[in-house]
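Biologist: I am new to this structure and should like to understand how its descriptive terms are justified. May we go through them one by one?

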Amino acid sequence: MSDFLPVILVLLLGALAYRWGVGKALAWRGQKDTGGALHSLPGYYGIYAALWCALPALLLLLIWRFAEGPVLFHYLSALVEGRLAGLDDGARQALIGDIRRLAHGEGVLQADHPVILAAIAGYERISSVVMAALLVVLTAACALGTALAMRRLSPRLRARNAVEKALMALLMASATVAILTTIGIVLSLLGESLRFFAKVPVSDFLFGLSWSPQTAIRADQVGSSGSFGAVPLFAGTFMISLIAMAVAVPVGLMSAIYMAEYASPRFRDIVKPLLEILAGIPTVVYGFFAALTVAPLLRDGGALLGFSVASESALAAGMVMGIMLIPFISSLSDDVITAVPRSLREGAYGLGATKYEAITQVVLPAALPGVAGSILLAVSRAIGETMIVVMAAGLSANLTANPFEAMTTVTVQIVTLLIGDQEFDSAKTLAAFALGLVLFVMTLILNIAALMIIRKYREKYD
Amino acid sequence: MTDIPLTDTARKEEARERLLKKRYARERRLRFFGMAAIASALLFLLFLFATIFYQGWGAFFQTQIRLEVTLDPARIDPQGTRTSDSLVRGDYGGAIKKALKQRFGKIRKRRERRQLYQLIGSAGADTLRRLVMAEPDLVGQKVTVWLPASDDVDQYFKGYVDPDLKEDERRLSDRQIAWVEELRRDGAIRKVFNTTFFTSGDSREPEQAGILGAVLGSFYTLLVTLAISFPLGVMAAVYLEEFAPKNRISDIIEVNINNLAAVPSIVFGLLGLAIFLDLFGLPRSAPLVGGLVLALMTLPTIIISSRAALKAVPPSIREAALGIGASRVQVVTHHVLPLALPGMMTGTIIGLAQALGETAPLLMIGMVAFIVDLPGGIMDPATVLPVQIYLWADSPERAFVEKTSAAIMVLLAFLIVMNLLAVLLRRKFERRW
């Protein structure tokens, strides 16, 4: 919140610069000696001045914020030097963090050691000095920027072009946020994973058959290494995705065929949005439903037939996930089936094919790449789906082929590893990032494959 | 085929007939399967909604018990000053216990006495305290008040507990059921609209738990998401659609956006944990961080739909504006953008609806904490509606199942409203050129 005041100050000064620029432009327009001709509309001169005033100042503010932390840290370290003796780096930082929070009025004072109290007072004093300095520096920067703009401002100045160039830079920066996000994902996953692989060998992680990270909570515990063999998780993910696809593919594909080939336009208009509701329901709702309605149903049904179905079974999670994925398959497949040219269908009818034969032997083969693409996208969703499996599939890492038992998935383990208090740098926390990396790579490959297949297919008929 | 004797014509005809029948049967089967697939999906949808509605409807009501409580000054006002400072320390639970004892007569066994006290949960004392704090004059009088029943009584009164079960299989004992039935005969127990559910934060006690904290958390989170993703998304879309040169870099950005749209949401949570919490040191559990993560997640959706909206504006508009001397930026800001804005807003609302239902990434950044206080801003620790649902779904009490379903109903209601808004917006501003 301490950023509030400086930002407001800069914006206010920027607004002043804008008024001043506009005023100047209007004044020129009235004058005879310039011929009353301005290059741009007066507003552009205003924005030009405001940009010169505010942009450098905001940049300065950003740099200041980054530089301020370490400087204050050193200052505080000097203040509490007596207390810090004999503390390691982590404890040092924790203590100083506490002091800072207390000075901001957060948290409760626990140890009223005089050095600490003095440090808090000192911190409060220095931070008000720093804030005052910042305000002065920002005002100076604004004044300097405005002065520069003042020297440049003239009726012949191409203010519009300059403003548009600045706007274009802003637009370009927005477009690169998407790229930055991807880079951020890759770097954060990769960085933490590499630290994890320094503790646990890659081969143990990828091919190990036993997963029990819970033993590795604290470093000083017996058997604290834990075991990080992720094969049971991959198996669980695979099994649950398989069950989900066994539900979603037939139902989704059949729905798509019916919608595209048989349904009347009225029926389509009503039913298609209804089916798409399935994709819009939050996954946590499905998870709740799977855990509290479907799983007990399956367990009781299994008991009736003499199976033993665990109360948290891969089957329940997979089935509900499959239902969620129906619209993913049906709407995309519907689109590709409708996109198959009429001429192909009519050719088939001309040869005496029934509608069934035309669909199965002509339309579906032609639409196959698109359908395959939609299925791949659905698989990628199934692998990355979290809430349903967290709530319904269970936590124990069983390596089993029995869908009636509890299984766990990559996403479930990421969640359980990271929920609650964690110690950064412990193998347990880092393992979550390694799992995230695997997940990211798997879904990325599936997505790219799906997009390539769909794109290639579109080119053929459009 | 010429070597088939003529006498076989009839048989041939018959075989063809049979084949044709078979072919038509196949066709009918396909059609039936298609219908069955759609019907099963829709039936499931109906089943889902019906179960949740059935389970959750009760949570909108609260069971209350009428009691005559004596507000003994010695008990209620320990300092005898009638100030709120003293009244807040009063032993309201004790007053309720005494009132219960008076109502049902002396009970010898300690176990049964404890069971009697369990009829009214800890919310009862809070209600009484609030009442007395508002009207200190009541101290010393005998008042008749409606107090919220404990969650077990509540569940029984709503008919979720089967009294035919064996005593040790249900949470209410035979004796307690007898008391509740006695209250029912006297008209001293009733069901009223549950305002607590909409006006309070989370609680360990089901009868005191509400969703307001989660709703506010969701609101602040979405506010941050909207403030970041809408301008960024629109600007990115404008750049890519109107200004970007068709080169490799634009291609990479485009593929990248399509891929981001399909990255699992939990990966965004990991990003938030590593970058926003670990690197930037932003506070855990804050709507600010949640909003940032969700903004990055919805950005691709908004960019894609905004680009579609820009594409739908016909080139003639741009050409006409260029023709009368507008610059390319002016063409976009004065003409194209206003025409495309409704479509962009529709896409944004749909993106926000997705963000509202998202749970997994928020678990990563600590929005799962148990938080009783209502959040007052984007830096306060908070939880959001879907995470609240997840937390309640994990709670063992039967009453929380009801609460969970009710919270789901509220969440779905918000989603429906948002989607309807998007549809209306599209209907109102949709233009065919």
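Biologist: What makes the meeting of the side chains of E357(A) and R23(B) a salt bridge?

Modeller: This is a predicted model, and in it the side chains of E357(A) and R23(B) come to 2.7 Å, N to O. A salt bridge requires a side-chain nitrogen of Lys or Arg within 4 Å of a carboxyl oxygen of Asp or Glu, so the pair qualifies. The count between chain B and chain A is 1 salt bridge, while a search of the whole structure finds 21 over all chains.

Biologist: How do you know that E192(A) and R195(A) also meet in a salt bridge, and what separates them along helix α6 of chain A?

Modeller: Their side chains are 3.4 Å apart, N to O, and the cut-off is 4 Å, so this pair also counts as a salt bridge. Both residues belong to helix α6 (residues 159-199) of chain A, and because they are 3 residues apart there, about one helical turn separates them.

Biologist: How much area do chain B and chain A bury between them, and which three residues of chain B supply more of its share than any other three?

Modeller: The two chains bury about 6700 Å² between them, with 79% of it on carbon and sulfur atoms. L30(B), I38(B) and F44(B) supply 9% of the area that chain B buries against chain A, more than any other three residues. The contact takes 73 residues from chain B and 79 residues from chain A.

Biologist: Why is α15(A) called roughly parallel to α12(B)?

Modeller: The axes of helix α15 (residues 410-418) of chain A and helix α12 (residues 265-279) of chain B cross at roughly 30° and come within 11 Å. Angles under 35 degrees count as roughly parallel, and therefore α15(A) is described as roughly parallel to α12(B). Their crossing is left-handed. T411(A), I414(A), V415(A) and L418(A) of α15(A) make the contact with I266(B), L270(B) and L273(B) of α12(B). By class, this contact has 6 nonpolar, 1 polar and no charged residues.

Biologist: Why, then, is α10(B) called oblique to α15(B)?

Modeller: Helix α10 (residues 212-243) of chain B and helix α15 (residues 328-357) of chain B have axes that cross at roughly 140° and come within 9 Å. Only angles over 145 degrees count as roughly antiparallel, and 65 to 115 as roughly perpendicular, so the crossing of α10(B) and α15(B) is oblique. The crossing is right-handed. Among the residues in contact are L222(B), F230(B) and V234(B) in α10(B), and V332(B), L341(B) and M344(B) in α15(B). The residues of this contact divide into 16 nonpolar, 3 polar and 2 charged.

Biologist: Where do the axes of α12 and α13 of chain A stand in relation to each other?

Modeller: The axes of helix α12 (residues 342-350) and helix α13 (residues 355-384) of chain A come within 9 Å and cross at roughly 145°. The crossing of α12(A) and α13(A) is right-handed. The contact is made by L344(A), R345(A), A348(A) and Y349(A) of α12(A) with K355(A), A358(A), V362(A), V363(A) and A366(A) of α13(A).

Biologist: What classes of residue make up the contact of α12(A) with α13(A)?

Modeller: This contact has 7 nonpolar, no polar and 2 charged residues.

Key:
Residues are numbered from 1 along each chain as its sequence is written. Chains are lettered from A and ligands numbered from 1 in the order in which they are written. This is a predicted model: local features need pLDDT of at least 70, side-chain atom pairs count only at pLDDT 80 or more; totals for chains, interfaces and linings use all residues. Side-chain values use heavy atoms; hydrogens and water are left out. Axes are lines fitted to C-alpha atoms, for helices over the stretch in contact, and angles run from 0 to 180 degrees between N-to-C directions. Helices (H or I, at least four residues) and strands (E, at least two) are DSSP runs, numbered from the N terminus. A crossing is left-handed if the near helix is turned anticlockwise from the far one by less than a right angle, and right-handed if clockwise. Contact means heavy atoms within 4.5 Å. Ala, Val, Leu, Ile, Met, Phe, Trp, Tyr, Cys and Pro count as nonpolar, Asp, Glu, Lys and Arg as charged, and the others, Gly among them, as polar. Buried area is the accessible area (1.4 Å probe) that two parts lose on being put together, summed over both.
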